[in-house]
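User: I'd like to go through a few of the labels people put on this structure. Can you set each one against its cut-off?

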Amino acid sequence: MEKVLIARELTKQRLSLTPINLPAELRPSDEDEGYRAQEEVGKQLIASGLGPPVGHKIGCTTPVMQKFLSIKNPCAGIIFQKTVGQKSIQIPASGFIKVGIECEIGVFIKSDIEPQRHLYSVDKLTTHIESVMVAMEIVDDRYRSYAELGVPTLIADNFFNSGCVLGEQRKNWQDIKLDKVIGTTVINGKVVGEGSGEAVMGHPMNALKWLANNRSKRGLGIKKGEFVLLGSVVETKWLDPGDSAEITVDPLGSVSLFVN
């Protein structure tokens, strides 16, 4: 019942754009409890009209983001169909409390990654990848104090995610050295951040391995047709009404967003 109460409060606060501030007695006690609550939040967000889960995000996979959030380990969240855009989109500032963007490398999954007893390896997971892409994660700082709320509550709330913009899929990606790609964030024509794929746990595929094994130990997999955002190579950048932003990952291409 507790995870239902947690999820009900988180969902209500998210949909009403109320800064999230769970009372201490409702906060998940550890990350496992946070993920269980996240699954219940997902059910309630689906019922609210956000559509089915279509992807996953992994946060805090790079030193720059771990330092930014003062969180030392990766954390995962779910992405819903109605929050996903393609290539270039506009979003209303009124739909967010404090909207931000992150520079991401993403992968599409071509065959189910089933939960298993043994840990997945990068080589095994590579056979499940359909394509790679540039992506922009859209985040919303909806917390009075995320440091005070704690990591388990952030996980229950899908770890800042409010959507994403996906770039063109690169199906012939095997010759691209994903640890050598360079991601760049541009706001209003000015470069505001740059980072390398190597920053993502040494190699972006290590983030996919972390997610597959994290979900596997909870009896969950990653489904065919879903996508995974592997973590931001540039620190989160916050946007104001009227801002235009572009994320480029060379050589994967670019995506853009305008806040109206």
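Analyst: Sure. A polar contact is a pair of N or O atoms within 3.5 Å, where one must be able to donate a hydrogen and the other to accept it. Bear in mind that this is a predicted model.

User: What makes the start of H2 a case of that?

Analyst: There, a side-chain oxygen of Asp30 comes to within 3.3 Å of the backbone nitrogen of Asp32. The cut-off is 3.5 Å, so the pair counts as a polar contact.

User: And what does H2 pack against?

Analyst: Its buried residues, among them Tyr35, Val41 and Leu45, pack against helix H1, strand S2, helix H6 and helix H7. On Tyr35 there's a charge too: Arg218 lies over the ring face, at 4.1 Å from the ring centre.

User: Why is the Tyr146 and Phe160 pair called edge-to-face?

Analyst: The ring centres are 5.4 Å apart and the planes sit at 75 degrees. Pairing needs centres within 6.5 Å and edge-to-face needs over 60 degrees, so the label fits. Tyr146 is in helix H5 and Phe160 in the loop between H6 and strand S7, so the pair ties together parts 14 residues apart in sequence.

User: Are those two residues buried or partly exposed?

Analyst: One of each. Buried means under 20% relative accessible area. Phe160, at 6%, counts as buried, while Tyr146, at 23%, counts as partly exposed.

User: Which residues do ring pairs link into a cluster?

Analyst: Tyr143, Tyr146, Phe159 and Phe160.

Methods: Residues are numbered from 1 along each chain as its sequence is written. This is a predicted model: local features need pLDDT of at least 70, side-chain atom pairs count only at pLDDT 80 or more; totals for chains, interfaces and linings use all residues. Side-chain values use heavy atoms; hydrogens and water are left out. Buried means under 20% relative accessible area, exposed over 50%, partly exposed in between (1.4 Å probe, protein chains only). Helices (H or I, at least four residues) and strands (E, at least two) are DSSP runs, numbered from the N terminus. Contact means heavy atoms within 4.5 Å. Rings of Phe, Tyr and Trp (its six-membered ring) pair if their centres lie within 6.5 Å; planes under 30 degrees apart count as stacked, over 60 as edge-to-face and the rest as tilted. A charge sits over a ring if NZ of Lys or CZ of Arg is within 6 Å of the ring centre and within 35 degrees of the ring normal.
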